[in-house]
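Student: Got a minute to go through this one with me? I'd like to start with the cysteines.

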Amino acid sequence: MKPQIINIINFIRAVDPREPGLDLIEPVKNQLELLEKYKLQGTFLIQYDAMLKPEFVDLLKKPSNRKHEIGAWFEVVQPMVEKAGLKWRGRPGFAWDWHADVGFLIGYTPKEREILSDTFMEGFMNTFGYYPKSVGSWLIDAYTLDYLERKYGITASCNCRDQWGTDGYTLWGGYYNQAYYPSKKNVFCPAQTEENQINIPVFRMLGSDPIYQYDAGLITGDVFSSSPAQPVITLEPVYPVGGGSEEWVKWFLSEIFNGKCLSFGYTQVGQENSFGWPSMGKGLSMQLKLVSEYLAQGKIRVETLSDSAQWFRQNFKVTPASSIAAVSDWKKEGHRSIWYSSRNYRLNLYQEFGQLWVRDMHVFNEKYEERYLKNKCDISSFHYDNLPVMDGNRWSHGRTRAGIYPVIFGENGTITSLEVLEPEVTDMGGGLLRISWEMVQGGEFEVLCREESIDVYCNGEIAGRWGLKMAWKADKGLPITNVTNNKLEYLFNGFNYSVNFSNTSLNGKIDEGSIVIRSQENKITINWED
């Protein structure tokens with residue numbers, strides 16, 4: 001069985017101006033005690049201001065806590081900026097300001113990022129006597145991560161899960177879970193080649209619900225509307241719908257670690273101390289008890305972030321393919337969700353009872369630059385993304401739920417939905433994932449996810465009469481620019497790319513929000529190019 005890995009990562013801030021009286025030491029003390037109780041190893045990522053507080057440092061340096069990893073939490077705080085000789089631009093009274101142009105390195109010029117990184121590393125060395133192996137943040141840009149690897153030998157990193165607008169931070173269309181080697185031009189995009197990758201695996205944090213998080217905030221029913229800021233359904237123990245619910249956590253762990261992962265199964269457990277112990281205590285205690293039980297049963301291994309990165313680097317020269325197959329539904333509403341990610345693209349196959357569609361497809365291209373590679377962010381929010389082929393959340397509106405739907409063509413020109421039963425998910429080896437369904441109409445519908453392309457097959461009574469239908473809200477201002485007989489052309493954020501559909505004929509009008517892709521040989525192959 002492929003490795004099933006849990007990193008217990010907690011990170012430490014010294015202040016929270018939203019709640020000045022909040023006890024920030026109590027969570028760290030109790031997290032350490034829980035790890036000791038269950039004989040688990042963890043990673044603590046410490047912010048610069050917390051390194052200046054003996055009450056945090058002394059806790060971490062206790063002999064009983066030396067088995068845990070201490071790394072860097074790379075958000076920018078007032079004492080760090082002033083130590084670096086720069087001007088603090090935070091709001092009055094905010095020694096930590098989470099606005100993107102202040103609290104993240106992207107809010108500073110590339111040269112200033114180097115100075116701030118050097119200041120942090122000097123402080124860490126003075127405090128702990130060595131440089132950290134792991135650095136984490138909701139987002140560390142490509143310029144800084146590359147600098148940290150080259151100058152300080154950083155070997156591991158972690159960043160925020162996919163989300164739209166939550167806390168003002170958008171990370172959308174990334175490698176969905178597990179870990180990837182980022183492009184030197186875009187930290188949110190897996191590189192396709194060794195020469196253009198930063199050799200630091202970036203692990204995705206917080207454990208998103210693989211069925212419901214993607215559409216969180218999307219008003220569904222008769223009318224669809226995307227939220228400007230998604231709510232949260234993750235493994236974080238402070239959320240009662242998610243990590244605070246024992247029922248949900250048991251379901252989540254069973255789906256993440258069901259072996260249908262291709263390369264390895266992964267999630268991160270833990271919580272930032274700025275939520276306070278009363279909010280996280282019950283949920284985190286429950287989670288770590290379950291983790292210890294999984295460990296005792298041999299279902300998982302629990303290790304530090306840097307140990308996981310070392311294993312990743314030893315086993316993968318480039319980003320491997322990975323998957324998550326959520327084939328049961330904790331809400332018992334008949335929903336299924338299968339995520340596939342490789343260094344070239346990500347795909348989500350989504351099912352509601354008998355209705356199946358491609359909910360999301362994004363292309364990864366190492367030439368696509370992040371917005372803050374050379375320029376600093378000058379607003380309070382940030383935006384990281386990749387190249388959309390289909391975005392079922394952002395492109396849905398009104399009565400249109402965006403997606404790529406398998407369909408059947410009737411003799412009189414009608415188009416009806418292809419209906420399926422339960423999915424069967426099979427690891428075929430070599431990064432190849434096979435997902436197949438028996439069809440209500442008879443026969444089998446099959447999707448083969450390869451690292452560089454997707455094959456779609458259909459056999460049975462409807463052979464020769466099936467295809468795909470792309471749908472989206474016509475007036476959403478989408479990046480599709482042209483339709484040819486077997487190709488869709490896109491322009492997104494100034495970057496041109498196209499998607500090829502082999503063995504097909506395409507027709508439709510972009511401004512009408514629908515393109516029909518008809519199979520000519522009972523097989524459709526999807527791939528892409530710059």
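Student: Why is Cys160 not bonded to Cys158?
Tutor: The sulfur of Cys160 lies 10 Å from the closest cysteine sulfur, the one in Cys158, so that is too far for a bond. A disulfide here is a pair of cysteine sulfur atoms within 2.5 Å. Keep in mind that this is a predicted model, where local features need pLDDT of at least 70, side-chain atom pairs count only at pLDDT 80 or more, and totals for chains, interfaces and linings use all residues. Residues are numbered from 1 along each chain as its sequence is written, and side-chain values use heavy atoms, with hydrogens and water left out.

Student: OK, and how many disulfides does the structure hold?
Tutor: The count is 0 disulfides. Cys458 is in none either, as its nearest cysteine sulfur, in Cys449, is 16 Å away.

Student: Is Cys458 buried or exposed?
Tutor: Cys458 counts as buried, at 2% relative accessibility. Cys160 is buried as well, with a relative accessible area of 2%. Buried means under 20% relative accessible area, exposed means over 50%, and partly exposed is in between, using a 1.4 Å probe and protein chains only.

Student: Let's zoom out. How many helices and strands does the chain have?
Tutor: There are 10 helices and 30 strands in the protein chain. Those are DSSP runs numbered from the N terminus: helices are H or I with at least four residues, strands are E with at least two.

Student: And what is the radius of gyration?
Tutor: For the protein chain it is 23 Å, close to the 24 Å that the globule rule gives for 530 residues, so the chain is as compact as a globular protein of that length. The radius is taken over C-alpha atoms, and the rule is 2.2 Å times the number of residues to the power 0.38. Along its principal axes, the C-alpha trace spans about 75 × 50 × 45 Å.

Student: What share of the residues is buried?
Tutor: Buried residues make up 63% of the 530 in the protein chain. Looking at contacts (heavy atoms within 4.5 Å), residues 24 or more positions apart account for 66% of those with a separation of 6 or more.

Student: Now helix 7. How many of its residues are buried?
Tutor: In helix 7, residues 142-152, 8 of the 11 residues are buried, so the helix is largely enclosed by the rest of the structure. Among them are Leu145, Tyr147 and Leu148, along with Asp146 and Glu149.

Student: What do they pack against?
Tutor: The buried residues of helix 7 pack against helix 6 (110-128), strand 4 (134-136), strand 5 (156-159) and strand 9 (202-204).

Student: What about the helix ends?
Tutor: Asp141 caps the N-terminal end of helix 7, with a side-chain oxygen 3.2 Å from the backbone nitrogen of Tyr143. After helix 7 comes Gly153, which has a positive phi, near 70°.

Student: Which residues does Pro110 contact?
Tutor: Leaving aside neighbours within four places in sequence, Pro110 is in contact with Tyr143, Leu373 and Lys374. Pro110 is found in helix 6, and its C-alpha is 7.0 Å from that of Tyr143, although the two are 33 residues apart in sequence.

Student: Switching to rings: how many aromatic pairs are there?
Tutor: The structure holds 43. Rings of Phe, Tyr and Trp (its six-membered ring) pair if their centres lie within 6.5 Å; planes under 30 degrees apart count as stacked, over 60 as edge-to-face and the rest as tilted.

Student: Which kind of pair do Phe104 and Tyr169 form?
Tutor: Phe104 and Tyr169 are edge-to-face, 5.1 Å centre to centre with 80° between the planes. Phe104 lies in the loop between helix 5 (100-103) and helix 6, and Tyr169 in strand 7 (residues 169-172), so the pair ties together parts that are 65 residues apart in sequence. Phe104 and Phe382 have ring centres 5.4 Å apart and planes at 80°, so that pair is edge-to-face too. Phe382 sits in strand 16, so this pair ties together parts that are 278 residues apart in sequence.

Student: Last one: what does the Asp385 side chain do in strand 16?
Tutor: The side chain of Asp385 makes a polar contact with that of Tyr368, at 2.6 Å, and another with that of His383, at 3.1 Å. A polar contact is a pair of N or O atoms within 3.5 Å; within protein, one must be able to donate a hydrogen and the other to accept it, and residues adjacent in sequence count only if both atoms are side-chain atoms. Asp385 counts as buried, at 4% relative accessibility.
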